[in-house]
Amino acid sequence: MVDLTALLADLAAESEELDALVAPLPPEAWARPTPAPGWSIAHQIAHLAWTDHVAHLAATDAAAFFASVTSAPDPSRLVDDGAEAFLAPPAALLGRWRAGRTALAAALTAVPAGEKLPWYGTRMSPASMATARLMETWAHGEDVADALGVGRAPTARLRHVAHLGFRTLGHGFAAHGRAVPTAPVRVELVAPDGSTWAFGPADAADRVTGPALDFCLLVTQRRHRADLALVATGPVADEWLDVAQAFAGPPGDKREAAGSGVAR
């Protein structure tokens, strides 16, 4: 069974690392564009704050959560409109994000055992919600780090992102309108400390191997597979690397390969 307390501690640590990156920025730096078209650093943080808010609704008031979905003027712009709605001057935005993520952690802890929360097209356990929030926090943190031209050292928290990336194999195919494969896939990743993280049957013919960081960058669509040291063996594994996505919703706008002439 997943230890929700430990998972929430990792989510808090991931959030605090990103917080420490943006908190010292001068106000004008928050307007710096990130690799996501049309999104500044402020949009990235506003998106996290908005998503924490709707996740909190899902954990505490399902009717209000569904109302937030059905009342959206344009469902296809729900994410962008949410980020825009939560934009604020940097100090206020930071305060909103901090308060929201704290409230969400408390709400997830209070969810009765066995209960699942409504979400976009699915239902999620508190542990799955916390894992998804960690994945998003790390991925959008990569966007911010890219915008600032800084590198971030990978941590053991990436195991949560990697496991989610593995678990969403079928979703990646379905989101791209492709048949979900029945053949199992083995994933073996080199963790930041040099150990191996393995998912899937050891005897599976289809396999993905490589650095855990690269796998996480792929499944969050923060890098093109051509720029990563991932090796796919077998047709299912190879196709998966073209459609993988660890996040809910339709296919994202994938990054172009380095040297393609399109900014990543």
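**Figure 1. Gln221 in the loop between α9 and β6.** Gln221 is found in the loop that runs between α9 (212-219) and β6 (231-233). The model shown here and in the other views is predicted. Phi of Gln221 is near 60°, a positive value in a residue other than glycine. Most residues other than glycine have a negative phi. Is Gln221 buried or exposed? Gln221 counts as buried because its relative accessibility is 7%, and the cut-off for buried is under 20%.

**Figure 2. Strand β3 and its two pairings.** Strand β3 covers residues 185-190 and pairs with strand β5, residues 206-211, in the parallel sense. This pairing runs over 6 bridges. Within the β3 and β5 pair, Val190 stands opposite Pro211. Strand β3 also pairs with strand β4 (residues 196-199), here in the antiparallel sense and over 4 bridges. In that pairing, Glu188 of β3 faces Ala198 in β4.

**Figure 3. The hairpin of β3 and β4.** The hairpin has 5 residues between the strands. Which residue of the hairpin takes a positive phi? Gly194 does, with a value near 90°. The strands joined by the hairpin are those of the antiparallel pairing over 4 bridges.

**Figure 4. The largest cavity and its lining.** A search of the whole structure finds 1 cavity of 30 Å³ or more. The volume of the largest cavity is about 70 Å³. Residues that line the largest cavity include Glu14, Glu17, Trp138 and Glu142. Also among them are Arg152, Ala153, Pro154, Thr155, Arg157, Leu158 and Leu213. Which helices each supply at least two residues of the lining? Both α1 (4-22) and α6 (126-148) do. By class, the lining of the largest cavity has 5 nonpolar, 1 polar and 5 charged residues.

**Figure 5. The buried residues of helix α4.** In helix α4, residues 78-86, the buried residues are Leu78, Gly82, Ala83 and Phe86. They lie on the same side of α4, because they cover an arc of only 130° around the axis. An α-helix has 3.6 residues a turn, so residues three or four places apart point the same way. Against which helices do the buried residues of α4 pack? Their packing partners are α2 (41-60), α3 (62-70) and α5 (90-110).

How values were computed
Residues numbered from 1 in each chain as written. Predicted model: local features only at pLDDT ≥ 70, side-chain atom pairs only at ≥ 80, totals over all residues. Heavy atoms only, no water. Pairing = 2+ DSSP bridges. Buried < 20%, exposed > 50% of the residue type's maximum accessible area, 1.4 Å probe, protein only. 1 Å grid on protein atoms, 1.4 Å probe; cavity = no way out; pocket = protein on both sides within 12 Å on 5 of 7 lines; lining within 4 Å. Points joined across faces, edges and corners; volume = space filled by probe spheres on them. Nonpolar A, V, L, I, M, F, W, Y, C, P; charged D, E, K, R; others polar. Arc of directions from axis to C-beta. Contact = heavy atoms within 4.5 Å.
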